[in-house]
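User: Could you take a close look at one chain for me and walk me through how it is put together? I would like a connected account rather than a list.

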Amino acid sequence: MRTGKSRLSSLLFISAVVTLLVSVTTFNQLPADHDLHVGNFMVSLLGKYLTYAILAVAVDLVWGYLGILSLGHAAFFALGGYAMGMYLMRQIGDRGVYGNPDLPDFMVFLNWTELPWYWSGFDSFAFTALAILLIPGLLAFVFGWFAFRSRVNGVYLSIITQALTYALMLAFFRNEMGFGGNNGLTDFKDILGFDLRSDQVRLGLFIASGVALIIVYLLCDSLLRSRLGKVAIAIRDAEDRTRFLGYRVERVKLTLFTLSAMIAGLAGALYVPQVGIINPGEFSPLNSIEVVVWVAIGGRGTLYGAVIGAMGVNYAKTWFTGAYPEAWLFALGLLFVLVTLALPKGIAGLHLFKSRNKPTGKMEPKT
Amino acid sequence: MTLRTAIVSIAALYLLISHQHVQAEVKTGINELDPLFEAFYEGRGDRRTEALDALAALRPPATPIDTQPDARELLQGILDGDLMFHKPSSTIVWAIKDGREFIMTSLDRTTNLGRDSSRKVKRLKLNNSIRAYLRQLIAALGLYSDNPTERLVAIEALIDKPESIEQKTLDELLLNEQDDAVMIALQSLSTRKQLGSADPLERLAAVTVLRTDLSSESRAAIVRIESRDDDENVRKAAQAIRLYHEKQVNLFGWAETLFFGLSLGSVLVLAAIGLAISFGVMGVINMAHGELIMLGAYCSWAMQQLMPQSIAAALLLSIPVAFLLTGLVGIIIERSVIRFLYGRPLETLLATFGISLILQQMVRTFVSPQNVPVANPEFMSGVLQINGVFSLTLNRLYILAFCLIVFAALVALLKYSRFGLEVRAVSQNRSMARAMGVRSARIDSLTFGLGAGIAGIAGVALSQLTNVGPNLGQAYIVDSFMVVVFGGVGNLWGTLISGMTLGIANKLMEPWAGAILAKILVLVFLIMFIQKRPRGLFPQRGRAVEG
Amino acid sequence: MLLINRFKLSALAAACLGITSLSLYAQDETIKVGVLHSLSGTMAISETTLKDTMLMLIDQQNANGGLLGKQLEAVVVDPASDWPLFAEKARELIEQESVVATFGAWTSVSRKSVLPVFEELNSVLFYPVQYEGEESSKNVFYTGAAPNQQAIPAVEYLTNVIGVERWVLAGTDYVYPRTTNKILEAYLQANGVSSEDIMINYTPFGHADWQSIVSEIKKFGSEGKKTAVVSTINGDANVPFYKELGNQGVSAEDIPVIAFSVGEEELSGFDTEPLVGHLAAWNYFMSVDAETNDVFIDNWLDYIGDDERVTNDPMEAHYIGFNMWVKAVEKAGTTDPAFVQDAIIGVSVPNLTGGYSTMMPNHHITKPVLIGEIQDDGQFEVVWETPGLVAGDAWSDFLDSSKDIISDWRAPLSCGNYNVSTSVCSGQNL
């Protein structure tokens with residue numbers, strides 16, 4: 001039954017995303033004074049929302065299905081973003097402010113004479129693509145390896161994931177780290193030889209984000225429908241019982257956590273060329289919590305809910321900060337409170353999955 | 001005759017008089033002072049200091065009917081900016097700010113000169129060297145004061161420049177001094193003067209006295225003597241003392257680091273201890289904890305706004321006010337939101353995070369997005385000088401003590417009071433406690449209110465150290481959680497020890513790692529520690545915490 | 001009382017905002033001007049005031065008949081102290097709202113974030129804050145101070161007037177302090193200060209525990225030579241820093257601190273008692289005795305409806321920048337940014353210190369440099385000023401990487417990054 005519904009919902013979901021991609025692309029081609037014309041600003045904005053949606057899916061994967069509330073997913077997102085940013089920096093070549101063909105501007109500025117070892121390889125897109133997935137994945141693997149083996153869970157895990165992203169933020173703020181300090185990486189010129197400022201490339205990135213979202217969605221959906229997914233849900237609902245039944249709880253957790261981090265990294269990598277900057281602010285604990293809220297509002301435990309939440313909240317944010325800047329935090333704060341109190345299953349819980357396999361309301365093992 | 005016409009006619013009179021003898025452009029109402037203030041107002045460099053010298057040399061005439069102000073009062077007035085220049089009438093006046101205007105009084109304080117726009121009333125220009133010069137003059141005038149404290153201040157101002165006081169004056173003062181503390185200060189001044197003596201024995205004696213004096217001047221003097229003195233005995237004595245000094249300086253350097261660490265620790269403990277109650281005892285993740293601290297800090301600002309005349313009383317009063325107010329806010333939060341989320345800690349985390357955003361924006365909208373100023377009361381400024389190299393800043397010392405008092409009070413409350421018993425009962429076994437007649441819902445509210453109230457108190461303490469602004473809370477939230485988790489949830493003693501440990505560790509690393517790296521290292525250590533021992537330093541045992 | 005007043009004020013402000021956003025649709029014949037300052041998040045502390053300043057300036061211009069016969073309309077957006085959001089909002093202003101000029105940004109990173117957007121869409125940005133230099137964009141006009149308009153004169157003052165021989169360069173760890181300190185270090189060493197007489201220290205944003213650092217500064221300063229601290233410490237970290245200095249008994253007479261980021265607005269959030277006598281270097285102080293300044297202050301206090309508010313240097317920068325833009329638009333006869341960029345070079349307008357400021361070909365302006373001492377009323381007393389105006393230098397002569405670079409946006413050079421030794425123009429135009 002669930003499988004059927006899930007199939008149906010993923011079909012609906014994919015057609016929705018495809019519709020969005022196709023219609024935006026079409027309307028973008030219309031002349032600028034046409035009523036239905038979608039401006040480049042809107043394309044970038046939607047592209048950004050799509051990368052947020054991928055990040056939300058990553059968070060939902062571990063929170064909604066595994067019960068791990070990660071307050072550090074912004075770290076994986078930012079790491080993926082930095083990897084992409086490093087590639088884009090290398091593409092600038094000698095077109096930087098100081099015209100140094102070997103070093104990015106900020107290194108020239110810090111009087112560095114050679115590229116640090118960890119920057120080598122980022123000239124190649126293939127290497128970068130690998131790094132985008134592996135760096136966040138590796139961090140998540142190591143972190144998860146220790147955390148899950150010591151059975152750190154619940155709020156403790158949330159707090160140390162928060163500490164992780166906080167520590168990374170402080171570290172990336174340091175100019176000595178070689179990642180541009182507070183200013184981060186910016187002033188990108190082109191990607192894979194195409195000019196980043198051209199409208200076609202912007203549209204291309206938007207479509208790429210949409211396609212990535214579909215792939216990620218399908219991947220997660222099939223994974224969750226597999227045996228692994230069933231065990232994950234069992235862990236979420238009763239970790240100890242699952243363990244006593246003989247399942248290797250740590251392995252399942254580690255697999256999904258690492259995968260989730262890789263997806264977040266991918267989202268970050270797609271995000272950076274579209275917004276044109278990556279800086280340590282992306283690591284801030286606040287960002288991670290915001291992602292959690294998108295998922296909570298959209299409805300955790302449903303992948304499309306996470307996507308709805310991410311797109312919806314960010315659209316609201318864009319609108320509010322334009323129309324009523326002062327009211328935005330009030331609105332966001334109230335959303336947090338109301339959703340947790342009144343809509344524990346988020347928007348997705350409003351109409352679907354009302355009966356049948358009612359997922360338990362609580363995400364924590366019994367006390 | 002109205003006041004204004006009175007001023008006009010006085011001014012006209014002055015114009016007439018001044019036209020006759022001096023071309024005074026700065027008037028004071030006292031002929032003798034006109035040239036001095038003019039020189040000070042118009043002059044530059046030496047002319048200004050000479051004018052101040054002349055002012056300081058003025059002695060009030062003995063006749064009681066004469067209202068010429070005291071020289072010290074005038075100098076102090078210049079230093080404090082209370083004496084100002086009224087441009088339209090070219091008069092030096094006592095001025096008090098009132099909105100966009102100043103209320104003016106004549107220099108002898110006998111005539112009310114009305115009010116005028118702040119554009120027209122200018123400050124007498126001061127800069128650092130003039131300010132230092134004024135302080136010295138005021139202090140020197142204090143040497144002959146009847147008040148021993150003033151004499152002490154005057155002598156201490158001279159201690160670094162013994163050459164500026166004549167031996168004769170010093171001897172005279174030594175002979176006449178009655179007060180013990182002042183006497184000791186005078187003697188040490190006299191020792192300093194002897195270092196320049198021609199007699200090697202006198203120098204030797206003076207050097208020996210410097211053994212216990214670790215101040216940088218004393219150490220510099222010893223180094224100088226060791227390398228330059230003609231007499232070998234004096235040099236040898238100086239060398240021994242230098243080695244001793246170096247050892248002491250090193251030792252007290254460690255003591256200083258320890259104090260810095262404890263003081264940072266006390267801030268961490270204060271910030272975290274409210275959280276230790278709501279998180280540790282109740283299992284509620286309160287992300288709005290930082291904002292409750294912020295509200296407490298705003299309480300101390302608001303109290304100071306209400307009682308601008310008595311900063312100290314305002315600060316002391318703001319402790320109970322902040323406790324009650326933030327406690328109340330805490331109870332409201334608990335009643336309206338948290339009680340629906342018990343047993344779902346991750347949801348409380350989200351809901352309280354929403355509350356924290358609302359509280360922040362409320363302060364921005366209804367108070368100001370800017371930081372607000374909170375003054376340090378007199379008793380909290382300054383240092384407790386242990387010796388020349390080691391001093392404890394009073395505000396830090398008070399906050400350390402305050403932290404320990406709050407901690408002790410909290411421990412006592414939980415351990416010995418009926419309320420504490422009920423809190424422990426509810427946290428250990430809710431249903432059993434209820435069966436025994438404990439009104440658990442009420443206890444929940446009160447416990448959360450208590451945690452919030454303590455956060456408010458912490459805010460009052462923090463307002464003495466750092467910015468009071470809408471972002472205050474965010475700076476402490478991650479640290480607070482780390483302290484609580486590191487110490488072991490549900491264990492107040494753990495929180496105390498963990499806060500202090502983290503503070504000291506931070507300060508030990510800071511000199512070689514730098515402030516940023518030290519903080520990162522501490523965080524990384526914490527992450528690894530918690531992964532090794534998820535329950536912290538002092539894990540709570542028993543069924544209550546399992547799962 | 002205060003609370004209620006503030007509430008009314010903000011209710012009013014909210015109502016006004018509502019009205020402006022409505023009028024957006026009502027009237028088409030307006031000239032739209034973008035205001036890109038954070039109204040929430042950490043930077044709201046500083047930037048909200050600049051938004052109000054811009055609204056006031058635009059109001060005044062409208063009251064005086066508008067511009068080119070049209071009314072001006074401010075489009076206010078909130079980038080929420082979020083750097084990528086700055087770029088997004090800049091794009092929104094230019095592409096969606098069709099603003100012809102934007103006034104905004106505060107931090108270096110926010111400027112860096114919006115820079116590509118302004119260049120791509122060829123619009124203009126007026127940036128009102130003192131900054132690190134090493135930049136000159138065709139599309140940005142830098143009305144705040146470059147390092148040679150703030151840092152170098154400040155050090156000259158300390159060396160020549162105060163006789164300072166030992167230097168502590170303390171800053172927050174980001175690009176502005178790093179650049180400024182690098183320039184100062186090079187400058188000091190060129191002037192014969194040995195490297196052991198220079199101590200450099202960086203701290204994170206919002207650093208609150210200054211005990212160890214102040215204790216180090218105290219030791220560094222107690223070795224006989226006159227010592228001063230050159231502070232590029234950023235906003236929030238300043239209060240605890242000065243408080244710690246005061247508490248550890250370091251007075252302005254012993255070790256003066258000269259700050260480049262502490263102005264009247266920041267002081268209004270301080271208890272100024274421990275700060276008296278410390279210094280700041282700016283191009284404007286509220287206490288400056290000038291007719292234009294008096295008028296500006298009166299207008300500001302009336303506009304904001306609160307006598308306790310202050311004016312500061314970045315506000316003056318907006319005042320100058322806005323008037324320059326108005327004059328350039330009148331000169332060009334159009335608001336088209338492409339023409340305004342050319343027309344504005346060489347435009348002179350009154351500044352608030354009683355003189356005139358001119359837009360230079362490198363998109364920086366001429367300004368006087370003032371050194372002020374903090375007074376207990378939260379104001380500065382000017383103790384020194386440069387004899388004439390100083391022209392902003394985009395590329396520092398004291399840095400190896402930029403000493404050969406010049407900027408001149410006039411034809412035929414039209415380059416913001418021209419290397420005179422290799423005759424190569426790099427950067428933007430490629």
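The account below centres on chain C, with a short look at chain A at the end.

Analyst: Happy to help! One thing to keep in mind from the start is that this is a predicted model.

Let's begin with the overall build of chain C. Its secondary structure consists of 12 helices and 19 strands. Along the principal axes, the C-alpha atoms of chain C occupy a box of roughly 70 × 65 × 40 Å. For 430 residues, a compact globule would be expected to have a radius of gyration near 22 Å, and the 21 Å of chain C agrees with that. Burial can be put as a share too: 61% of the 430 residues of chain C count as buried. The contacts of chain C also reach along the sequence, since among those between residues at least 6 apart, 67% join residues at least 24 apart.

Now to a part worth zooming in on, strand E1 of chain C, which covers residues 30-36. Is this strand enclosed or open? Five of its seven residues are buried, so E1(C) is largely enclosed by the rest of the structure. A residue counts as buried here when 20 or more other C-beta atoms lie within 10 Å of its own.

E1(C) has pairings with two strands that we can follow in turn. With strand E2 (residues 71-77) of chain C, E1(C) pairs in the parallel sense over seven bridges. Within that pairing, C:Leu36 is placed opposite C:Val77 of E2(C). The connection has a handedness as well: together with H2(C), the strands E1(C) and E2(C) make a right-handed β-α-β unit. The pairing of E1(C) with strand E3 (residues 101-104) of chain C is parallel too, over four bridges. There, C:Gly34 stands opposite C:Thr102 in E3(C).

The helix of that unit leads us to the contact with chain B. H2(C), spanning 44-63, is one of the elements that supply at least two residues each to the side of chain C that touches chain B. In total, 44 residues of chain C are in contact with 45 residues of chain B. Besides H2(C), the contributing elements include helix H1 (2-26), helix H7 (211-221) and strand E15 (380-385) of chain C. H8(C) gives the most to this side, with five residues. By residue type, the side of chain C that touches chain B divides into 12 nonpolar, 19 polar and 13 charged residues.

Further along chain C there is a sheet with another pairing sense. Three strands form an open sheet in the order E17-E18-E19, and their pairing is antiparallel. Strand E17 (405-408) and strand E19 (424-425) stand at the edges with a single partner strand each, so one side of each has no neighbour in the sheet. E17(C) and strand E18 (residues 415-419) of chain C are joined over three bridges, and C:Asp408 stands opposite C:Cys415 in E18(C).

Finally, a glance at chain A for context. Chain A has 13 helices and four strands, and buried residues make up 53% of its 367 residues. One spot to view there is A:Ala269, which is found in helix H10 (residues 249-275) of chain A. A:Ala269 is buried, with 28 other C-beta atoms within 10 Å. Leaving aside residues up to four places away in sequence, A:Ala269 touches A:Gly80, A:Gly81, A:Ala83, A:Met84 and A:Ile132. The C-alpha atoms of A:Ala269 and A:Leu79 are separated by 8.3 Å, with their positions 190 residues apart along the chain.

Terms used. Residues numbered from 1 in each chain as written. Chains lettered and ligands numbered in written order. Predicted model: local features only at pLDDT ≥ 70, side-chain atom pairs only at ≥ 80, totals over all residues. Rg over C-alpha atoms; globule rule 2.2 N^0.38 Å. Buried ≥ 20, exposed ≤ 12 C-beta atoms within 10 Å, placed from the backbone. Contact = placed C-beta atoms within 7 Å. Nonpolar A, V, L, I, M, F, W, Y, C, P; charged D, E, K, R; others polar. Pairing = 2+ DSSP bridges. Right-handed = clockwise from strand over helix to strand, strands pointing away.
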